[in-house]
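I wanted to look up where empty space is left, what surrounds the ligand, and which charged side chains pair. My entries on these topics follow the structure.

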Amino acid sequence: MSRRDELANGLQAVRERIQQASAAAGRDPAEITLIAVTKFFPASDIDVLHELGVTAIGESRDQEAALKLAQVACRAALEVHFVGQLQSKKAGSVVGYADVVQSVDRPRLVEVLARAAQRRGRALKVLVQVSLEAQAAAGRGGAAPREVLALADEVQASDGLELRGVMALAPLGADPAPAFARLREVAHGIRERHPAATWVSAGMSADLEAGIAAGATHLRVGSAILGSRPRLDNFGPDR
Ligand SMILES: *Cc1c(COP(=O)(O)O)cnc(C)c1O
């Protein structure tokens, strides 16, 4: 099978799952954005996905993303989401190519992203990442739910940043449904204060149905579309 056929099949299967889960939840699938998470896969895959109708991609490792995106022919037609854990010293680089940073989880990152966006004279869309783990889990990122509102306020108050909503990963080895229900409450609390913060990024290859059931507006799907990645570090910090 050609790579194009593989990607077309993966994408088709994911789109069918989105249709079914939306119908089950009584939601309109048109209000759900599919972000193809292309980390570890080449620029050529991104161009093929774009030909197949993908308009948003996600990357999680700064150096890889910066190099790769420079080789993507359809770059201008894509919305690029940075979804991985982000070191403060990489913020300037990420602002150079990302339209959205989904993984803002501490005040320091708000400061450095805002400064980098101001320097470039642009508006960066931001999601605050919420940790849904029962205990702090190394390597997954996210602010504790009780810290999230203050962080959202900081983003909202920062020139150069546009607060758009929240993002979370389902907790490791636990049922995603109650965790995503918690996320939905956190999102609601933020929206009461910041009405433009309407995005809820939740649901990946293994749990996109749970994300849709809990009101996700953005799904981040990698392996179900692109195939399996090398096992080393799917979620570790960018390098
Ligand atoms: C890799 C990654 C995804 C996609 O994971 P899959 O299980 O391959 O769908 C989603 N979100 C984040 C933050 C990721 O790092």
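The entries below go from the ligand to the salt bridges, and then to the pocket and the cavity.

**Entry 1, the ligand.** I kept in mind from the start that this is a predicted model. I listed the residues around the ligand and found 13 of them, with Lys39, Ser205, Gly222, Ser223 and Arg229 coming nearest. Sorting this shell by class, I obtained 6 nonpolar, 4 polar and 3 charged residues.

I then turned to individual atom pairs. For Ser205, I found a polar side-chain atom 2.5 Å from an oxygen atom of the ligand, and for Arg229, a side-chain N or O atom that is 2.7 Å from a ligand oxygen. Ser223 makes its approach through the backbone, with an N or O atom lying 2.8 Å from an oxygen atom of the ligand. I noted next that the ligand on its own has 390 Å² of accessible area, of which the protein covers 95%.

**Entry 2, salt bridges.** Side chains of opposite charge can pair when their charged atoms come close. Counting such pairs with a cut-off of 4 Å between the side-chain nitrogen and the carboxyl oxygen, I arrived at 13 salt bridges. The one I wrote down in detail joins the side chains of Arg17 and Glu209, with 2.8 Å from N to O. Because Arg17 belongs to helix α1 (residues 3-25) and Glu209 to helix α8 (residues 208-213), this pair ties together parts that are 192 residues apart in sequence.

**Entry 3, the second largest pocket.** I looked up the second largest pocket and recorded about 200 Å³ of space in it. Its lining is made up of Leu11, Arg15, Ile18, Gln19, Pro29, Ile32, Thr33, Leu34, Gly53, Val54 and Thr55. I asked myself which element gives the most to this lining, and the search returned α1, with 4 residues. Both α1 and β1 (33-37) supply at least two residues each. By class, I counted 6 nonpolar, 4 polar and 1 charged in the lining of this pocket.

**Entry 4, the cavity.** How many cavities of 30 Å³ or more does a search of the whole structure find? I found 1 at that threshold, and for the largest cavity I noted a volume of about 40 Å³. The residues that line the largest cavity are Gln129, Val130, Ser131, Leu132, Glu133, Arg140, Gly141 and Leu169. I sorted this lining too, and it holds 3 nonpolar, 3 polar and 2 charged residues.

Note on methods
Residues numbered from 1 in each chain as written. Predicted model: local features only at pLDDT ≥ 70, side-chain atom pairs only at ≥ 80, totals over all residues. Heavy atoms only, no water. 1 Å grid on protein atoms, 1.4 Å probe; cavity = no way out; pocket = protein on both sides within 12 Å on 5 of 7 lines; lining within 4 Å. Points joined across faces, edges and corners; volume = space filled by probe spheres on them. Nonpolar A, V, L, I, M, F, W, Y, C, P; charged D, E, K, R; others polar. Near = heavy atom within 4 Å. Polar contact = N/O pair within 3.5 Å; in protein donor to acceptor, adjacent residues only side chain to side chain. Areas by Shrake-Rupley, 256 points an atom, 1.4 Å probe, with all protein chains shown as cover.
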